[in-house]
2 protein chains.
Amino acid sequence: MDDFELACKGLYRALTIREKYMRLAFQRFPDTPSQFLRKIEGEQWKPEDQVLPVFTSPPKSGEDPFCTKDFPPNLGYVARMKDGVIYVYKDAASADKHQPLNHPGPDLVTFIDDMNFLIALIAQGPTKTYTHRRLKFLMSKFNVHEMLNEMEEMKELKKNPHRDFYNCRKVDTHIHAAACMNQKHLLRFIKKSYRVDADRVVHVLKGKEMTMKELFASLNLHPYDLTVDSLDVHAGRQTFQRFDKFNAKYNPVGASELRDLYMKTENHISGEYFATIIKEVASDLEDARYQYAEPRLSIYGCNPNEWTKLASWFNKHRVFSPHLKWMIQVPRIYDIFRGRNFVPHFGKMLENIFLPIFQATIDPNSNPELSVFLKHVTAFDSVDDESKHSGHMFSTKSPKPEEWDIVKSPSYSYWIYYMYANIARLNQLRKERGMNTFQFRPHCGEAGAVTHLLACFMTADNISHGLNLKKSPVLQYLYYLAQVPIAMSPLSNNSLFLEYNKNPLLEFHKKGLMVSLSTDDPMQFHYTKEPLMEEYAIAAQVFKLSTCDMCEIARNSVLQSGLSAEEKIHFLGTNYLKDGPEGNDIRKTNLAQIRMAYRYETLCYELNLIREGVMAD
Amino acid sequence: MDDFELACKGLYRALTIREKYMRLAFQRFPDTPSQFLRKIEGEQWKPEDQVLPVFTSPPKSGEDPFCTKDFPPNLGYVARMKDGVIYVYKDAASADKHQPLNHPGPDLVTFIDDMNFLIALIAQGPTKTYTHRRLKFLMSKFNVHEMLNEMEEMKELKKNPHRDFYNCRKVDTHIHAAACMNQKHLLRFIKKSYRVDADRVVHVLKGKEMTMKELFASLNLHPYDLTVDSLDVHAGRQTFQRFDKFNAKYNPVGASELRDLYMKTENHISGEYFATIIKEVASDLEDARYQYAEPRLSIYGCNPNEWTKLASWFNKHRVFSPHLKWMIQVPRIYDIFRGRNFVPHFGKMLENIFLPIFQATIDPNSNPELSVFLKHVTAFDSVDDESKHSGHMFSTKSPKPEEWDIVKSPSYSYWIYYMYANIARLNQLRKERGMNTFQFRPHCGEAGAVTHLLACFMTADNISHGLNLKKSPVLQYLYYLAQVPIAMSPLSNNSLFLEYNKNPLLEFHKKGLMVSLSTDDPMQFHYTKEPLMEEYAIAAQVFKLSTCDMCEIARNSVLQSGLSAEEKIHFLGTNYLKDGPEGNDIRKTNLAQIRMAYRYETLCYELNLIREGVMAD
């Protein structure tokens with residue numbers, strides 16, 4: 001077998017692996033590579049093969065997004081964790097005998113097998129050479145396309161009435177709820193809350209109630225004097241390569257009490273201020289009309305009640321906006337919780353994270369507030385400093401989650417696998433019940449080992465950051481072939497990991513990877529009132545993006561978001577699921593068909609090469 | 001004489017030259033270098049030596065900025081041009097005999113002499129070596145300062161109550177009125193005007209009146225379909241190194257009719273739309289509270305009536321805002337006017353530009369609208385594509401302006417000298433009459449020869465751009481020593497002449513040159529609703545500026561602006577004219593005293609070295 005065939009066969013198998021895991025969890029795998037895979041296998045591709053996530057449609061006019069009626073009935077099933085994964089049983093008896101209902105999930109041994117295959121593939125000489133060359137070719141090809149067709153693309157856009165970059169939809173695909181306001185907004189909010197609520201009891205310290213006045217006095221502060229400098233939540237030069245310092249920036253004036261008061265859902269005022277701030281951010285998005293955001297709220301897995309409390313906050317303060325879609329982020333801080341003895345082992349954390357949702361899925365009326373909240377949740381994130389190294393290698397010999405009782409955290413891949421395995425089974429159950437499903441959209445490739453990107457190639461619908469794709473041509477090419485969406489945040493990277501003009505965003509975009517722009521943490525990184533526009537503006541200026549480039553990125557952001565099918569049809573056109581120019585409605589996206597055709601032809605060409613390589617012998 | 005002495009003597013003389021021409025025209029030369037020059041000369045520096053421009057104070061409450069009463073009486077003088085410069089005579093008889101009143105102005109022969117000295121100096125080996133080394137030293141010294149004191153500076157700012165980057169004043173020191181709105185704003189305005197005024201006669205074509213509907217129909221356009229793409233006023237990749245294409249971007253949809261209708265003061269609707277747009281921009285600035293702008297309006301010198309028409313537009317539409325200060329830009333397009341035979345020679349252009357103001361200064365009541373307008377004008381600009389080369393060398397043998405009747409434009413230096421010479425004499429007269437004076441703030445060093453920067457070192461209070469200071473260490477060092485303000489616009493440069501991350505802004509700022517940030521043309525370059533904030537945000541992100549850096553740049557922008565003394569006291573503190581920490585009120589500027597002390601000590605050290613060099617023998 002020559003090098004070309006070897007590489008193609010490896011890439012072919014890699015794609016089938018991703019396809020398999022995407023289907024299993026109701027995540028997306030685009031039609032075009034699917035069609036090529038079927039062609040290689042000599043099978044017919046059928047449109048019914050498409051597997052899609054299910055998102056809750058926006059409430060019809062007059063409908064209450066918090067309505068707790070009309071939930072499906074209790075199935076009476078039992079959900080129980082075994083080896084870190086939650087299984088659903090008909091009843092307690094079958095649970096005891098571990099005879100789960102047939103919800104196909106990934107099998108650990110196969111998964112490790114697939115993973116080891118990919119680990120070997122990304123290190124394989126011929127595949128590295130082949131993918132490196134293809135990526136170089138993609139880059140040059142786009143440069144040529146640009147030189148030849150830039151003016152034609154622009155002409156198409158100029159002829160396109162009533163739509164331009166400003167009124168095409170863009171989604172902030174990666175933003176943490178706790179930092180979704182900008183620093184000036186937070187400052188103004190703190191000052192305003194003090195003017196109104198100085199005598200309100202807002203905090204309890206060692207059993208003693210404290211008014212806001214007393215709280216600020218205890219910190220030696222008067223809100224009137226506060227400035228963005230003293231607030232000190234903005235990432236500066238000091239945070240570069242210092243994720244630890246960056247995390248401390250979440251505390252206004254360095255005081256965790258203020259973080260608790262203003263940026264938490266659980267506190268003495270039931271997270272009222274945090275809810276108000278988020279609603280103000282949503283109202284700014286509604287005013288801007290064409291901007292959407294997907295704020296991420298935390299579930300820590302420290303306690304099974306977290307979900308109920310979070311849902312209660314969501315319902316109590318009615319934190320809903322048609323311009324927001326919710327995500328759940330799970331910080332990978334097992335070591336801290338274990339160290340303080342909050343959890344006995346890693347399995348317990350997984351149980352705390354997933355069991356309540358399984359239960360609310362089996363019997364929605366048992367926790368109506370949670371069931372309402374889950375309707376509006378679209379995805380899970382896994383988040384922490386990726387540059388922290390875990391000594392552990394994930395293999396079939398790894399301790400099971402219930403056996404993982406040491407203080408050290410398991411590795412990134414281990415975390416990712418168990419998050420994914422639970423989400424996949426959960427989605428099976430929810431799909432069966434006609435409920436919305438959840439995507440897996442972890443932070444990945446911001447720092448640390450390239451194996452993170454490998455684990456997510458197998459499991460994630462889309463990822464945030466992806467900087468380290470720079471380091472592995474094989475993975476970069478695979479992310480391209482499978483069109484795995486990447487939510488990039490160059491301003492965040494600029495403060496933390498990589499200087500702006502070294503950011504690979506432009507390179508990835510030119511090669512045809514499916515990138516979007518997102519803010520990550522406006523509170524820490526942005527200066528203006530419109531952080532997402534700031535992000536686009538700076539990218540446009542520094543990378544000299546054309547309108548067509550910007551509109552392509554904006555369209556990508558809608559595609560990869562948790563907006564419902566109805567909304568995507570409204571924002572992108574009826575055929576938004578179709579690949580190529582057919583899927584693009586320029587009247588809605590302001591994206592030139594010339595560009596769409598270029599992208600489509602280029603992808604088909606690359607996939608076809610692989611087909612030729614695989615079929616060679 | 002050794003190299004060090006030679007360099008110091010040259011630099012000393014260069015500083016005295018600038019000092020002389022600044023005084024002559026009531027422009028600023030800072031105290032610190034003045035004090036060192038006096039010390040070298042063995043003279044006593046006196047605070048009375050300070051020469052300052054005079055700006056009109058903002059109207060007191062209840063006062064009408066358009067009031068045409070209480071102008072000083074007619075002096076009965078006669079103003080007449082001789083050799084390109086306007087002289088003031090007691091009466092027609094003394095004019096005929098050329099016996100002007102004693103308003104000291106520059107003398108052409110001396111000026112050329114001074115200029116030739118500087119031309120030699122910037123090419124002189126030892127001076128080049130010396131200044132290059134000093135600049136390198138200044139750079140390293142700042143880097144050390146930063147490493148040692150960054151945290152201390154930040155601490156000072158954190159302790160400073162109620163003031164941060166957001167609420168310290170910043171002035172957009174370089175912005176063209178015709179492009180002062182952003183593209184989206186212009187688009188919205190065009191659509192709105194059509195909804196309201198479709199049947200209004202807005203244009204006359206070959207004697208035939210046209211309604212707005214007819215005008216748009218003749219362009220095959222319907223405003224409803226217009227987008228920022230079809231509007232096509234934004235600079236894209238196509239404008240890089242193409243100033244010609246950039247100028248065409250001033251025409252919305254490529255139609256000069258629309259430029260006439262929306263961005264001109266003179267048209268069938270008396271510039272009403274343009275006035276409205278500017279008032280909307282002003283109202284945004286007023287809402288933002290801490291932002292000011294100095295829009296530049298054109299006087300072409302094609303016709304002596306231009307001033308009257310412009311003043312009439314200003315008064316009719318009451319285009320006044322406390323957040324705006326006005327400047328007059330004179331495009332250097334003599335060749336075009338001469339080519340079309342609009343003017344017989346260059347002297348006529350100068351006369352058209354300056355004679356009306358001399359006359360309005362002598363007898364304000366002869367043209368009350370112009371007199372009102374002139375009260376609000378603070379400076380003159382000279383503007384055009386600097387990369388165009390003029391074959392002419394300015395010397396004593398150059399034809400006098402009245403003799404310059406060829407179609408070719410005179411050189412940059414020639415233009416600059418005659419602008420300056422007239423402004424200097426005009427300021428003498430106005431100062432005598434207790435009227436406000438005008439600064440000379442030309443575009444300089446955006447492209448073209450370094451001699452442009454030399455001419456402006458002699459004549460300009462401050463310049464716009466200054467990029468080419470990169471190319472001449474001697475001039476860069478002189479701009480530093482004399483603290484010549486430079487209004488930089490890196491986003492504009494990024495679209496036209498220099499990629500963002502190669503912009504020397506950061507380097508100049510670190511070395512201690514007095515730089516400010518400005519937008520140049522928001523319509524062409526910016527994306528967001530707050531162009532000046534966009535400019536600061538991008539600089540902060542790409543150059544990783546600290547809050548202290550940003551506040552220093554903001555303070556520089558106020559200092560170099562045409563804001564009146566009252567306003568500067570209000571925005572910067574009572575001692576704003578003093579050099580060093582004494583001149584800084586951190587409560588107003590949010591600029592650390594540590595930084596101020598560093599800048600002051602560093603400047604004194606450099607000036608002292610020169611003193612030592614000069615006094616060595």
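In this predicted model, chain B is superposed on chain A by a rotation of 180° with 0.0 Å of shift along the rotation axis, and the RMSD of that superposition is 0.0 Å. Because the relation has this form, it is that of a two-fold axis. Within chain B, the C-alpha nearest the axis belongs to B:Ile538, which lies 3.2 Å from it. The same surface serves both copies, since 100% of the contact residues of chain B recur in chain A.

Both chains also appear in the list of best-connected residues of the largest nonpolar core, which has 367 residues: A:Tyr262, A:Phe380, A:Tyr479, B:Tyr262, B:Phe380 and B:Tyr479 touch the most other members. To take one of these, B:Tyr262 has contacts that, with residues up to four places away in sequence not counted, include the aromatic residues B:Phe189, B:Phe216, B:Tyr273 and B:Phe274, along with B:Leu186, B:Ile190, B:Ser193, B:Met212 and B:Ile277.

Chain B further contains an open sheet of 4 strands, arranged in the order β10-β11-β12-β13 with parallel pairing. The edges of this sheet are β10 (443-444) and β13 (515-517) of chain B, and each has a single partner strand, so one side of each is left without a neighbour in the sheet. At the β13 end, β12 of chain B, which covers residues 486-488, pairs with β13(B) in the parallel sense over 3 bridges, and here B:Ala487 has B:Ser516 of β13(B) as its bridge partner. Packed on the sheet is helix α23 of chain B (residues 547-560), which touches both β12 and β13 of that chain and whose direction makes about 95° with that of β13(B).

Terms used. Residues are numbered from 1 along each chain as its sequence is written. Chains are lettered from A and ligands numbered from 1 in the order in which they are written. This is a predicted model: local features need pLDDT of at least 70, side-chain atom pairs count only at pLDDT 80 or more; totals for chains, interfaces and linings use all residues. Side-chain values use heavy atoms; hydrogens and water are left out. A nonpolar core is a set of buried Ala, Val, Leu, Ile, Met, Phe, Trp, Tyr and Cys residues joined through side-chain atoms within 4.5 Å. Buried means under 20% relative accessible area, exposed over 50%, partly exposed in between (1.4 Å probe, protein chains only). Contact means heavy atoms within 4.5 Å. Copies are superposed by least squares on the C-alpha atoms of residues with pLDDT of at least 70 in both. Two strands pair if DSSP finds at least two bridges between them. Helices (H or I, at least four residues) and strands (E, at least two) are DSSP runs, numbered from the N terminus. Axes are lines fitted to C-alpha atoms, for helices over the stretch in contact, and angles run from 0 to 180 degrees between N-to-C directions.
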